[in-house]
Amino acid sequence: MLLHETISEHCLKFKLPGVLENYQHLADTATKEKISYSEYLYKLLELENSGRELRGKQMVLKMAGLPKLKTIDTFDYKSSSVDKTLINEILTLRFIDEFKNILLFGPSGVGKTHLATAIAYAATQQRIKTKFITASDLMIQLETAAATNRLDNYFKRVIGIPRLLIIDEFGYVKFTETQANLFFQIINKKYELGSIIITSNLSFTKWKEVLNNDEALTAAILDRLIHHSHLINVTGESYRLKQKREAGLLNISAK
Ligand code: ADP
Ligand code: MG
């Protein structure tokens, strides 16, 4: 009992929850199965390691702030115009090592957020620090930070720490002059230091309208975003509408 208490204390002190949780039952099996001391230690350390990896993934996933958990497994390529080979290439996450960006364009409902979320999820599973945010939430947070003199801190936390930043729904809300400038700072700070994924319902030619009609600023933002990037156009009709229509057609033919 005393031995167990001391082991417990050491495990807590050295932050070894996996060892604490497993050492006793593993010792029982080791005795039964005549496993060597070295192998016992190896198995125990393996359990500590796998527990750490799992907790790391869970932590990174939580920090990412995904709106809904969507993975590529539930993405139906047959209903989409996107190139499966390209998405598979992106899912290797090499683009993050290469500081490349991904720009996903297309009308509402074609799966842009689904794809961005699936890529973000894949990154979290490699324990790559990721941050998912909508353009309008990003603006609210930036302006709040600016108003309270915490902009530097916000940049460090949201732009500096995540290696992958996903800005969803660029284009639904037009930016003010201040917001457009803050958006430029985000892109500029991340440029060649990390990867950005942006989803947008607007093609490049319309981005100026979102960015307070500032031509020079728009050009500077696009220049940085496009420099090393995958541009993906998702065409077609809304997946939601398509499903509804198909459900409707099925009802008719069943009568
Ligand atoms: P967008 O961001 O382009 O407006 P979403 O990604 O939000 O569209 O997609 C709308 C809904 O349709 C979501 O529930 C999404 O999971 C689903 N969806 C869209 N395209 C596909 C697809 N090709 N396969 C499976 N689900 C899809
Ligand atoms: Mg979306």
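Five strands make up an open sheet, lined up as S2-S3-S4-S1-S5 and paired in parallel; strands here are DSSP runs of E with at least two residues, helices are runs of H or I with at least four, both numbered from the N terminus, and two strands pair if DSSP finds at least two bridges between them. At the edges sit S2 (130-134) and S5 (229-233), each with a single partner strand, so one side of each has no neighbour in the sheet. On average, neighbouring strands are turned by 10 degrees against each other, direction ignored; axes are lines fitted to C-alpha atoms, for helices over the stretch in contact, and angles run from 0 to 180 degrees between N-to-C directions.

A word on the ground rules: this is a predicted model, in which local features need pLDDT of at least 70 and side-chain atom pairs count only at pLDDT 80 or more, while totals for chains, interfaces and linings use all residues. Residues are numbered from 1 along each chain as its sequence is written, chains are lettered from A and ligands numbered from 1 in the order in which they are written, and side-chain values use heavy atoms, leaving out hydrogens and water.

Back at the S2 edge, 5 bridges tie S2 to S3, with Lys131 partnered by Leu165 in S3. H7 lies across S2 and S3, at about 95 degrees to S2. Ile140 belongs to this helix, which covers residues 135-147, and is exposed, with a relative accessible area of 54% (buried is under 20%, exposed over 50%, partly exposed in between, with a 1.4 Å probe and protein chains only).

Then there is the greasy part. The largest nonpolar core (buried Ala, Val, Leu, Ile, Met, Phe, Trp, Tyr and Cys residues joined through side-chain atoms within 4.5 Å) has 34 residues, and Leu142, Ile167, Phe175, Phe183, Ile198 and Trp207 touch the most other members. Among the elements giving it two or more residues are S1, S3, S4 and H7, but H9 gives the most, with 6 residues. Beyond its neighbours within four places in sequence, Ile198 has contacts (heavy atoms within 4.5 Å) that include Ile102, Phe183 and Trp207.

Zooming out, the domain assignment, automatic or from a database, splits the chain into domain 1 (2-63) and domain 2 (65-245). Their C-alpha centres lie 40 Å apart. Together they bury about 730 Å², meaning the accessible area (1.4 Å probe) that two parts lose on being put together, summed over both. Lys57, Val60 and Leu61 supply 69% of the area that domain 1 buries against domain 2.
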